[in-house]
Every structure is written in structure tokens, then in C-alpha cells.
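Student: Could you give me a close look at a single part of this model, in one connected account, and then set it against its surroundings and the rest of the chain?

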Amino acid sequence: MIRLISRRFYSSHPQSKLRNIGVIAHVDAGKTTVTERFLYLAGAIQNPGHVDKGTTVTDFLDIERERGSWKGGGASNQRSFSGITVQSAAVNLDWNGHRINLIDTPGHVDFRGLSSGAHLHHHFFKVEVERCVRVLDGIVVVIDGSAGVQPQTLTVWDQSSKFKLPAHFFINKLDKKEANFERSVDSIEQKLGVKAVKTVVPLDDGVLDVLKGRHLKMDGEWSHVATGTREYDALLEAKSDLCYSISDHSQNFMTMFLDENEGDPEKMSVEKIKEVLRELTISSKIATVSCGSAIRNLHCVQPILNSVVDFFPSPDLRNHEFQQVFHDDLSGLVFKITHDKRRGQLSYIRIYTGRLQNNSNVFNTSQMTSEGPLKVFTPYADELKSVDHVDQGNIAVVSGLENTVTGDTVMGSAASADRAFETLKSLDHSVDLLQTKTSHEGRSVVFSGIESPDAVFFCCIEPPSNRQQQQFNRALEELTQEDPSMKIRFDRDTGQTIVETQGELHLEAIKDRLKRNYKLDVFIGKLQVAYREMLTEELTHEARVEDGLSEKKRPEFVQLTLRLEPTKTHVPFKKIELDLPQTAKPTRLDWQKAINEGCSNALQNGPLASYPVHAVRVVITECIVSGGKINPALLSACAQKCVTEALAKGEMVLTEPVMSIQIDVRSDEPTQPILNELTRRRAQFEHSDAHSSTEYRRISATLPLSETENLSKTVRTLTSGFGDISVQFSGYQHVPDHEKNSILQRRMGGF
């Protein structure tokens, strides 16, 4: 086990000394190892953890420790990790007088079964990555030196770019025989479109730290480079390259280097170089690059920590616009939720402004409700330390937010939310990632940016026995609060509970947590593609429900008229809208909630094949009730009946999830076999073109999710192992008639 060293864990740091970072990488690039090296060098742990022994701090779910096993390295006798990080953990450490809050991002993205090869990658754990990336101020990207930029890195980089995050790249595994530093740097520039500036370069059996003027051998420690040595010549050459790279992006620096110092790297002060590197990194014009082998020599990750401290922005630099809106009032974003046996629901909050006080109440602006009192903690993987307060710029973990879900915004009070609304409205420009919100409950401001992707697979899930049904229901409810990309619904036709997920690994993680945390060894059916049903025409329907069991002389009744309209956006139904006559009485909130529930239930099973109905708007045009005191269950039943009957008489179509795929193949490889294979799988081609490096050719297409089984394996075979494939969810399309008939026949046969 890892023993924690006693240290100034929760000492207060000014905002300028804070750094909120994440480490991202393709599966097996060595992200978890790098993270452990950080913690060891910073004195946070006594022994550097190993994925193979299950002792890593950030892989804090047992499933991750079990999956992290050694696998053989073939002829080169190299060893690599097959550890998969499933859920993010927050860790903090101190380095050079700075507090670094490290949010551990998921390192693996699944697609239809891991056996088909890790090269097939996908957006399916996007929600877990995105909720982490959203609260970062900078990212460290770990790249396998033998593979360069791989598809998953590309996807996470796209998410990071959305939030304009500064970056540092670490080329790892340079001890592998196939590793190539220059080719990896080239892949960063070609595939990610960012200018890579080398601050650490390989030299013989080791690396050279250009800024610190020191050398590290793979089996040694850092040593100063003396003048007049071969290492010193290499250092000058690397420093010269560094100065020329910076000059490409800074006119002032170019003048200083070429004119004032005659292009002599020896005359350039390291402090000036660092100052300009910081400016360029924060503005995302460049990204610094270091290298080494984290598993062979833990000291090679030191320059990463130095770059984080020297070149990454502090929270106040990144969030000064938030300060304009909220001033000193508390504002924060809930980016993660877990459940703890002792403390109940735990919410991870990035505090953007103000201070979160222990035992205080907060106002949830997303749901317009107050919650509390809260217990406030500071996170260290699965260890939590109770604290009096957490200041702006930091990460807090709180218990006491029972109704809050991932992506909600919290503030100090309804009054401060109203003030922020006024301020944001008065600004002459919009503020990225902030939105105003108005409702009958008041005015507020919410943070945007965490979007939950649509689940594209589903299967039935059952408790081990009927006795455990209640515990089973509670467990599923808690898991859906924690993980917004997991959906639960009830299939009326089969009487089964259905879980909708992002893929096989996602489902495996859900099953494992039910077993470990809730002692439920659930039965799970075959994973299937999540088709959707859609309405193609607007229609209006009226339904009436009476309370037949009532003993009153005049039984209660509800009569609803609903208008159903197809929408352009393919999203699930969220809530009803009102379009009542001006003379109608206002519909009470608890009535609206009951009607909402009835509509949601009806839309979970469409009339074609019991698939959920999406892309529909439900509007109440008339609501007649027998009296003021009506049973909400009647309203819900009437709404469910009305929507079900309306859909049964409406024109419906079946739609299927469609994936956007990109296949990179070497220019000298024939592409026709791949094009033939994709055509056979009902692909629609977008374009095929050569990269600017001309080393690779890219094939872009869209194809139905149902046609992607074993696609990775096939592409690897057709390209002799050199093809890279990246897949992400694109949307939905109508299912052709012949496909639709076979799907309906399969549905008639049950699961």
C-alpha cells in the first residue's frame, strides 16, 4: 500500500501560486505512471506506485487496479502497461512553492469490445473527459514515443482546444527500440496543429534539459553540463533551436536574439526565454515539449512540473472575466459526483470565485434551489480531509448536495445569482462558458460546457433476486447521478429494466461498481445498438382519465389536450411547454411535474418497436381537472395515455446512430480494399486526402454504428497494421426499409 507522508496538505496558497492541470494520453501511453512520478517527486507519496501492483493513487477504483496488468513486449523485450483509468480522481501536490491541483482524466475510450484492438477509438467516454477538461487551466499530454499522436489523443485534444487550454507535451517511452523523438514531435505539429517547442531533448542514453543546463542518464540522476564537453555542444545547439522556434512567434524576442545578441544562444538569458515561453504558452501559440521514460527513470518528469509552474496560467489569469461577473461572490461548477458509504453523495466543485465555507448553504442556479448545510473537504484521490473553507481557484469536495447533478452551477445565494445576472446582461460582450437563465423562479447565471453524449448502446439489466429489487433501484439511481452518460429506462413490452451506455467498457465498469459497492451481482443481457423512433408530423390529441377506485359520488378526472411536434435537434424530451388560453388558470408546478413524468414514461417506448422516442416537443394546450385537489398520479396517467395514443396514430420513423470515422493509412498503401470494405458496411464517403506531411492519406466517411463491429481489426489487417482509425458519434439517420424490417423481426423475438 502507498503510505501518505505528513505534509502541509491544506496550506493556503495565493491564486498566482495555483495551477489546475490534467494529464491526458492515449491508452497505454504511460499517463498513470507519469502522474505517480509527480506525486513521488513532490513528496506526496513515499513510494512511486506501479500500475501492475495496483498501488497507484489516482487509479482509485478497484477495477482499474485489476485491469492494470503487465503484458509482454515481444521481441524487443519491452514491457508496457495495460492499465485503464476509468474514473477521475483529484489530487493536489506542492512544487516549487506552488500548489498543483491535478485532475486525473480517463485514459481509455471503448468501442464495441476491447479485443478488436485499442486502435479503434471513440468519443464514448467523452463525458468523463469533458467534465474534467472543463475545470482545468492547462493540460499535460503524454505521448508514446514509439507511436506519436494516436487517435484518442486527437479526440481529447479537440475537447481541450474547445476550452483554449495551454499545453505541455511529454514524449514518453523513449527507451523503446521503436521510439523516435523527432517523428513524435512532427506528429504533434501535423496532427494537432500546434507549434511544438523543445525544452528537453534526447541525448545518447538520456535527456538534456535545455533551460536548466543539465543532463539525465536513463539509469542516473540529473547532473550539470560542464562547458567544453560534448554535452555542452549539444546543449548550445538545442538552445539555439529553442531561440529560433520562439523567434517565429515573437517579434520582440527575434530582435533581441538575432540583432542585439547576434544569434548567440549563450548570450540569451534563461529568465527571458522562460518569460516569453510563458506568454506564448498561455496564449496557446506554442506548446512546450519534454521527453524521457517515466518507467525507467522517474526524474525525467521533473521538467514537466517545472513547465507547469513556469508556463501555465494561474486561475485568476484564466478566469478574470468570471471575476467581472461574480466579483467576490461564490461561484462554482459541479464537475463530478460520487457516492460514499459514510458521507453519502459527494460533489466535486471547481470554485471559480469567492469562498466555499464549511457548514454553509449554497444556491443551485441550474435548479433554482438552495441546499445545505454542506461539509467541505479537500481531495486526495480517495482520501478526503475536512477543511474550514476552500478558496477560489481550488477544487472542493462537499457532502450535503442531495439533489445536485453533474454540470450544475452553485452560488452563495439567490440574491447573488440575481446580481450576477444583472452584471452579465450589462456587459457589452458575451463571456465564454457563461449563460444567463430566466424562469418563473427567478434570474440567474449558469456555467455551460459539460455536455452528456447520447447513449448509443443498450441492454437489459436485472437484480440477482426480487428481494434485492429496492437496493437495485437505489444503486441505479445513484450511478445515474454520478454518470450522466448512463441512462436507465423501463421497457413496458418486456417488463425489463434497460441500461443505456457508451460501450462495452462503460457497461463493464457499471456492472463492476454494482458488485463492489452494492454487493449486487447483476444479470446483463446482450449489448445492442440504441435505435430511436421519431415523429415526422405535428399532431394534437386529447385524453381523459377518471379515478375509477374513488368512493366519491363525483370521481376525480383529468382531461388533457397535448400538441406533439417533431424538432430538428435529435435530443430526448426534457420537459413540457405551456400554450394555454389566456383565460386558463396557471398550471401548478407539482401538476406540471406529474404531467412531465407521464410524458417521459410514454416516450420511453415508441409504437414501432418500443425504442425511445426522441426529437419531439410536447405542448399542453388544454388542462381540465375536476377540482383543485387532484391526485398527481391521475395527471401523470392522463399525460402518459395521451402521448401513447397520439404516437400510435402518428407517422413514425426508425432512426439509427451514425458514426463519423477517419482512417489514416500510409500513402504507399492501396486504399481500394478499405473503400470496398466501408462500402459493404453502408458507408457514405466525405473525402479522401493526403496529410500535409504526405506520409499519410486520410479517408473520411460516415457509417451506421451497427456496421462497425470488428472494423478496427479489419482495417488493421488490410493496412498490415499501419492504419489508424478514429470513430465518433455523428448523429442519427433513417433506417432503410429492408434494415428496418429485420430489426423489427429481431425485436419481436425479444432480447
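Tutor: A helix is taken here as a DSSP run of H or I of at least four residues, and a strand as a run of E of at least two, with numbering from the N terminus. The model is predicted, and its protein chain holds 19 helices and 40 strands. On that basis, helix 14 (residues 504-518) ends where lysine 519, just after the helix, adopts a positive phi of about 55°. Helix 14 itself has 15 residues, and the distance from its first C-alpha to its last is 21 Å, close to the 21 Å expected at 1.5 Å a residue. Its buried residues are Leu505, His506, Leu507, Ala509, Ile510, Asp512, Arg513, Leu514 and Tyr518.

The part I would examine most closely is helix 5 (residues 181-192), whose twelve residues reach 16 Å between the end C-alpha atoms, close to the expected 16 Å at 1.5 Å a residue. Phe181, Ser184, Val185, Ser187, Ile188 and Leu192 are the buried residues of this helix. When helix 5 is viewed down its axis, these buried residues fall within an arc of 155°, so they line one face of the helix. What they pack against is a set of strands and one helix: strand 6 (138-144), strand 7 (167-172), strand 8 (195-198), strand 9 (200-202) and strand 13 (286-291), together with helix 4 (151-162). At the N-terminal end, helix 5 is capped by asparagine 180, which places a side-chain oxygen 3.3 Å from the backbone nitrogen of glutamate 182. Just after the helix, glycine 193 has a positive phi of about 70°.

One residue of strand 6 shows the surroundings of helix 5 in more detail, namely aspartate 144. With a relative accessible area of 8%, which falls under the 20% limit, aspartate 144 is buried. Beyond its neighbours within four places in sequence, aspartate 144 is in contact with Ser184 as well as with Ala29, Gln150, Asn172, Lys173 and Lys176; Ser184 is itself among the buried residues of helix 5. The side chain of aspartate 144 also forms a polar contact of 2.7 Å with the side chain of serine 146.

Helix pairs elsewhere in the chain give a view of how axes are arranged. The axes of helix 8 (residues 270-282) and helix 9 (residues 302-311) come within 9 Å and cross at roughly 80°. That crossing makes helix 8 roughly perpendicular to helix 9. Lys274, Leu277, Arg278, Thr281 and Ile282 of helix 8 make the contact with Val309, Asp310 and Phe311 of helix 9. For helix 6 (residues 230-247) and helix 7 (residues 251-260), the axes come within 8 Å and cross at roughly 140°. These two helices are therefore oblique to each other, and their contact is made by Ser240, Cys243, Tyr244, Ile246 and Ser247 of helix 6 and Phe253, Met254, Phe257 and Leu258 of helix 7.

Further along the chain, helix 15 (residues 589-603) has 15 residues that should span 21 Å at 1.5 Å a residue, and its end C-alpha atoms are indeed 21 Å apart. The buried residues in helix 15 include Trp591, Gln592, Ala594, Ile595, Asn596, Gly598, Cys599, Ala602 and Leu603, and their cover includes strand 33 (557-566), strand 34 (577-578), strand 35 (613-614), strand 36 (616-625) and helix 16 (632-649). The loop between strand 33 and strand 34 contains lysine 575, which is exposed, with a relative accessible area of 59%. The C-alpha atom of lysine 575 is separated by 8.7 Å from that of glutamate 597, 22 residues away along the chain.

Individual residues also differ in how far they are covered. Serine 347, in strand 15 (residues 344-353), counts as buried at 0% relative accessibility, and beyond residues up to four places away it touches Val334, Lys336, Ile337, Ala396, Val397, Val398 and Leu401. Lysine 17, in the segment before strand 1 (18-25), is partly exposed at a relative accessible area of 32%. Apart from neighbours within four places, lysine 17 is in contact with Gly97, His98 and Arg99. Taking the chain as a whole, buried residues make up 57% of its 751 residues, and among contacts between residues at least 6 apart in sequence, 74% join residues at least 24 apart.

Notes. Residues numbered from 1 in each chain as written. Heavy atoms only, no water. Buried < 20%, exposed > 50% of the residue type's maximum accessible area, 1.4 Å probe, protein only. Contact = heavy atoms within 4.5 Å. Expected span 1.5 Å × (residues − 1). Arc of directions from axis to C-beta. Polar contact = N/O pair within 3.5 Å; in protein donor to acceptor, adjacent residues only side chain to side chain. Axes fitted to C-alpha atoms, helices over the stretch in contact; angles between N-to-C directions. Parallel < 35°, antiparallel > 145°, perpendicular 65-115°, else oblique.
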